[in-house]
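Here is a short, friendly tour of a protein model, arranged by topic so that you can follow along in your viewer. Take a moment to open the structure before reading on.

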Amino acid sequence: MVTKRNASAVRRGRPALTRGTGLICVAAAAGALLTGCGNDDGDTKTDTSTAGRAASPSSSPSSDGGNLTDDQRERKELVPKAKVGYDKALDAAVATVDKAKPVSIELKGTPDKPVWETEVATADGADHDVDVDAVTGKAGQARADKDQDQDDKRELADRLKKATVTAQQAAQTATDKKKGTVTSVELDDSDKGDMVRWSVDVVTTDDWNKTTYDIDATNRKIVREHVDRD
């Protein structure tokens, strides 16, 4: 079952000649540093003036958000609006379906109306969607996944049975590695289908990057780490 669920300024310089006693300097082409040619003693000099540095673009996001990507800006606008964490939201969602277990949770919606979109399932693999208000923590009514067939249910039931690590334990493993806000947790198979894993997204609020950790759902070992800087 497949669960549901971004200038560089070219600095053009023009050659310039500066004459001095025993010194000839040639300005380098596009974006190169200005270097001084040899003087009478054979020494070299590098021009590190403020003007030369100011023309170089910065590729790193600024701390004030002035150079954020669209995705980073969306995270900055949405994540602080969620007053209820993923764990409380997941508890609320699971409580709506008798004997259900977590399958996935993700922070979605808008800054005006953030919502945790969750999936929970019973031991037989019957999947349900539950939306939880990310401000109040109130869960909506559970909705059975009508697109599931028997094969889907068997696959999900098998995945839940193999996952001895809980969603909360997987999230703790991720945040022990990277301090930040958990915005998504999902139970899935590995790409090769040989392992059940939890994928956990952690957003860091100093740069608004998202780091995804794939964690073995049987032993809590981190098998993959990917930083999304888009």
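Threonine 212 sits in strand β11. This is a predicted model, and in it threonine 212 has a relative accessible area of 14%, below the 20% cut-off for a buried residue. The points below start from this residue and work outwards to the sheet, the helices and the whole protein.

**Around threonine 212**
- The side chain of threonine 212 makes a polar contact of 2.7 Å with the side chain of aspartate 201.
- Leaving aside residues up to four places away in sequence, threonine 212 touches Val200, Asp201, Arg224, Glu225 and His226.

**The β11–β12 hairpin**
- Strand β11 covers residues 210-216 and strand β12 covers residues 222-228; the two pair in the antiparallel sense over 6 bridges.
- One of the residue pairs to look for is aspartate 214 with its bridge partner in β12, arginine 224.
- Between β11 and β12 there are 5 residues, and together the strands form a hairpin.
- Arginine 220, in the turn, has a positive phi of about 70 degrees.

**Aspartate 228, in β12**
- Aspartate 228 also belongs to this hairpin's strand β12, and with a relative accessibility of 17% it counts as buried.
- Its side chain is joined to that of arginine 75 by a polar contact of 3.3 Å.
- Not counting residues up to four places away in sequence, aspartate 228 touches Arg75, Asn209 and Lys210.

**The sheet as a whole**
- The hairpin is part of an open sheet of 8 strands, in the order β8-β7-β6-β5-β9-β10-β11-β12, with antiparallel pairing.
- Why does one side of β8 and of β12 lack a neighbour in the sheet? Both strands stand at the edges and each has a single partner strand, so one side of each is left free of a neighbour in the sheet.
- Further in, β5 and β9 pair in the antiparallel sense over 3 bridges, and glutamate 106 has serine 184 in β9 as its bridge partner.
- Helix α2 (residues 70-78) packs on the sheet, where it touches β5, β6, β10, β11 and β12. The direction of α2 makes about 100 degrees with that of β5.
- Helix α5 lies across β5, β9, β10, β11 and β12, and runs at about 50 degrees to β10.

**Helix α3 and its cover**
- Which residues of helix α3 (residues 86-94) are buried? They are Tyr86, Ala89, Leu90, Ala93 and Val94.
- Looking down the axis of α3, these buried residues fall within an arc of 130 degrees, so they line one face of the helix.
- This fits a general pattern: an α-helix has 3.6 residues a turn, so residues three or four places apart point the same way.
- The cover over the buried residues of α3 includes strands β5, β6, β7 and β9 together with helix α5.

**Aspartate 152, in α4**
- Aspartate 152 is found in helix α4, which spans residues 150-162.
- With a relative accessible area of 17%, aspartate 152 is buried.
- Aspartate 152 and alanine 126 are 26 residues apart along the chain, and their C-alpha atoms are separated by 8.7 Å.

**Overall numbers**
- The protein has 5 helices and 12 strands.
- Of its 230 residues, 36% are buried.
- The accessible surface comes to about 14,200 Å², and carbon and sulfur atoms account for 48% of that surface.

Terms used
Residues numbered from 1 in each chain as written. Predicted model: local features only at pLDDT ≥ 70, side-chain atom pairs only at ≥ 80, totals over all residues. Heavy atoms only, no water. Buried < 20%, exposed > 50% of the residue type's maximum accessible area, 1.4 Å probe, protein only. Helix = DSSP H or I, 4+ residues; strand = E, 2+ residues; numbered from the N terminus. Arc of directions from axis to C-beta. Contact = heavy atoms within 4.5 Å. Pairing = 2+ DSSP bridges. Areas by Shrake-Rupley, 256 points an atom, 1.4 Å probe, with all protein chains shown as cover. Polar contact = N/O pair within 3.5 Å; in protein donor to acceptor, adjacent residues only side chain to side chain. Axes fitted to C-alpha atoms, helices over the stretch in contact; angles between N-to-C directions.
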